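Q: Please take a close look at a single part of this predicted model, the largest pocket, and describe its lining and its surroundings.

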Amino acid sequence: MSRRITDVSNLVEVVENKMISVDSVECKTKFSADMTETNQITPNKFIKSIQFMNETIFKDAIDFYYEVTGINSLLIECGMRNQFMEEYYRVECAVCDGVSAKDIDKKLRETIFEE
């Protein structure tokens, strides 16, 4: 499957409904051409952050991309950039038991082109 866009509300819903579990989150922050910092973020902190973002007026400010990378795995990516820095998140997820990658794809695409 190819890389597709989703919105934060769909992402929060698949996490809260236990369709996927967040396994690892890596954040790369680039401050200048020669200064990049890479950090691991706990899955719980990432989940709380997207839940909070979903309830704010900024919920549509960040694009989330996903790609089904295996029968039971999913990759989510997002990033932010301004004139001072660039921040990129790579989130590895597992598809939970009883759920298929096709179910995840359908849910993540659900509302992105509506309105």
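A: In this predicted model, the lining of the largest pocket is made up of Ile41, Lys45, Phe46, Ser49, Ile50, Met53, Ile62, Phe64, Cys78, Met80 and Tyr89. Two elements, α2 (43-54) and β5 (73-81), each give two or more residues to this lining. The largest share comes from α2, which supplies five residues. By character, the lining divides into nine nonpolar residues, one polar residue and one charged residue. The volume of the pocket is about 190 Å³.

Some of these names return in the interior of the protein. The largest nonpolar core has 29 residues, and Phe46 and Phe64 are among those with the most contacts inside it, as are Leu11, Ile20, Val22, Leu74 and Ile76. Both α2 and β5 are among the elements that give two or more residues to this core, although α1 gives the most, with five residues. In soluble globular proteins, nonpolar side chains tend to be buried together.

Ile76 offers a view of these surroundings. Beyond its neighbours within four places in sequence, Ile76 is in contact with several residues, including Phe64, Tyr89 and Arg90.

Arg90 in turn forms a salt bridge with Glu77, with 3.9 Å between the closest N and O atoms. This pair links distant parts of the chain, since Arg90 lies in strand β6 and Glu77 in strand β5, 13 residues apart. Glu77 is buried because its relative accessible area, 13%, is under 20%. Arg90, at 31% relative accessibility, counts as partly exposed.

Technical notes. Residues are numbered from 1 along each chain as its sequence is written. This is a predicted model: local features need pLDDT of at least 70, side-chain atom pairs count only at pLDDT 80 or more; totals for chains, interfaces and linings use all residues. Side-chain values use heavy atoms; hydrogens and water are left out. On a 1 Å grid over the protein atoms alone, a cavity is a set of points where a 1.4 Å probe fits but cannot get out, and a pocket is an open set with protein on both sides within 12 Å along at least five of seven lines; lining residues have an atom within 4 Å of a point. Grid points are joined across faces, edges and corners, and a volume is the space filled by probe spheres set on the points. Helices (H or I, at least four residues) and strands (E, at least two) are DSSP runs, numbered from the N terminus. Ala, Val, Leu, Ile, Met, Phe, Trp, Tyr, Cys and Pro count as nonpolar, Asp, Glu, Lys and Arg as charged, and the others, Gly among them, as polar. A nonpolar core is a set of buried Ala, Val, Leu, Ile, Met, Phe, Trp, Tyr and Cys residues joined through side-chain atoms within 4.5 Å. Buried means under 20% relative accessible area, exposed over 50%, partly exposed in between (1.4 Å probe, protein chains only). Contact means heavy atoms within 4.5 Å. A salt bridge is a side-chain nitrogen of Lys or Arg within 4 Å of a carboxyl oxygen of Asp or Glu.
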